[in-house]
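Please read the points below alongside the sequence and the model. They begin with one buried helix and then turn to cores and open or enclosed spaces.

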Amino acid sequence: MRQRLSADDNKISVCIHEWGGYHAVRQKKLKVAEEFTCGLKFQLERFKNYAGNRQVDICLTLSEAWRKKEALVTCNVLEVGNEGMDFSGYAEFFETIREKPNHYVILTNTSVHQMQTEFLDSYIDYMEANDTVGVLGISYATKMYQSIIRNNFKPHAQSFFLLTTRAILQEIVDINGSFPGKGITDKRLLIRNAEIKLSGIVLKLGYEIALVQEDGSVFKYDSSVLSDNGRCRWTIPMGDNRAHVKNPNAINAIKSHNFTSNK
């Protein structure tokens, strides 16, 4: 497995993407799970209330800002286009940090479950102990639903919450030619050519992907899982993970006994 470049400072850059037409508190409907409460209010509270020793810098990327009726909170706001949806925000945000020293980066949107937990230090500590992990996610799917490919095994971290580093994002952009999803307007193509593609590039680069489970354990996989269509190496439920959990789109802290180290 390839090892990540170490973080050069103690900073975590957080990009929260929001569409201007959403309320600060809203209900999220999924085809595979029950409706739940989410919204910008909870995302801002989650990161603003962090009391650890790391520096957290929050940037809100806002598409169709003219739709936003509620007053914006005091954090850096970057207005972006709506092409690419979340990925339009992620792409524009990356441009603001690409020349900065390597550090941890969180890309997220406001469809994360309202449930609050102290998770951030456990995630960074896990990444520090597992330097072959390129991306850490909180939810996953194993299928590309718009595909007619037989077996259809395309495991990927779902893009509403991704933890990585600035250097990994640079590698992704370098190999792809641009930030995945930039300029794509069709939602189905976004899943294939942004969310799934991003995970695929991380695996192609030689890194692992880590997925935090509801019980605080972590499942890791690398490109070898694709060699047998996942039958031997994939030990967690198939399909959309959100169909199998109590709180879909929730951030769960990593239990300390699951900090298996590569070092």
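**Note on helix H4, the cores and the spaces**

1. In this predicted model, the residues of H4 that count as buried are Arg166, Ala167, Ile168, Leu169, Gln170, Glu171, Ile172 and Val173. That makes eight buried residues out of the eleven in H4, so the helix is largely enclosed by the rest of the structure.

2. As to what does the enclosing, the buried residues of H4 pack against the helices H2 and H5 and against three strands, namely E6, E7 (133-137) and E10 (161-165). Just beyond the end of H4, Gly177 adopts a positive phi of about 90°.

3. Ile172, one of the buried residues of H4, deserves a closer look. Once its neighbours within four places in sequence are set aside, Ile172 is in contact with Ser178, Pro180, Leu198, Ile201, Val202 and Leu205.

4. Ile172 also belongs to the largest nonpolar core, which has 36 residues, and within which Leu107, Ile172, Phe179, Leu211, Tyr221 and Trp234 touch the most other members. Two or more residues of this core come from each of H2, E6 (104-109), H4 (166-176), H5, E11 (208-212) and E12 (218-221). A second core, separate from this one, comprises 31 residues, among them Ile12, Tyr123, Ile124 and Ala210. As general background, nonpolar side chains in soluble globular proteins tend to be buried together.

5. Turning to the open spaces, the largest pocket has a volume of about 1,000 Å³ and a lining of 33 residues, of which Lys28, Leu30, Lys187, Ile191 and Arg242 lie nearest its centre. Which elements supply at least two residues each of that lining? They are strand E1 (11-19), strand E2 (26-28), helix H2 (86-97) and helix H5 (187-204), and H5 gives the largest share, with four residues. Sorted by class, the lining of this pocket has eleven nonpolar, eleven polar and eleven charged residues.

6. H2 and H5 therefore recur in these points and should be read together: both are packed against by the buried residues of H4, both give two or more residues to the largest nonpolar core, and both supply at least two residues to the lining of the largest pocket.

7. As for enclosed space, the structure holds one cavity of 30 Å³ or more, and about 80 Å³ of space lies in the largest cavity. Its lining is made up of 13 residues, of which Ile138, Asn241, Val245, Ala250 and Asn252 lie nearest the centre; by class, the lining has five nonpolar, six polar and two charged residues.

Notes:
Residues are numbered from 1 along each chain as its sequence is written. This is a predicted model: local features need pLDDT of at least 70, side-chain atom pairs count only at pLDDT 80 or more; totals for chains, interfaces and linings use all residues. Side-chain values use heavy atoms; hydrogens and water are left out. On a 1 Å grid over the protein atoms alone, a cavity is a set of points where a 1.4 Å probe fits but cannot get out, and a pocket is an open set with protein on both sides within 12 Å along at least five of seven lines; lining residues have an atom within 4 Å of a point. Grid points are joined across faces, edges and corners, and a volume is the space filled by probe spheres set on the points. Ala, Val, Leu, Ile, Met, Phe, Trp, Tyr, Cys and Pro count as nonpolar, Asp, Glu, Lys and Arg as charged, and the others, Gly among them, as polar. A nonpolar core is a set of buried Ala, Val, Leu, Ile, Met, Phe, Trp, Tyr and Cys residues joined through side-chain atoms within 4.5 Å. Buried means under 20% relative accessible area, exposed over 50%, partly exposed in between (1.4 Å probe, protein chains only). Contact means heavy atoms within 4.5 Å.
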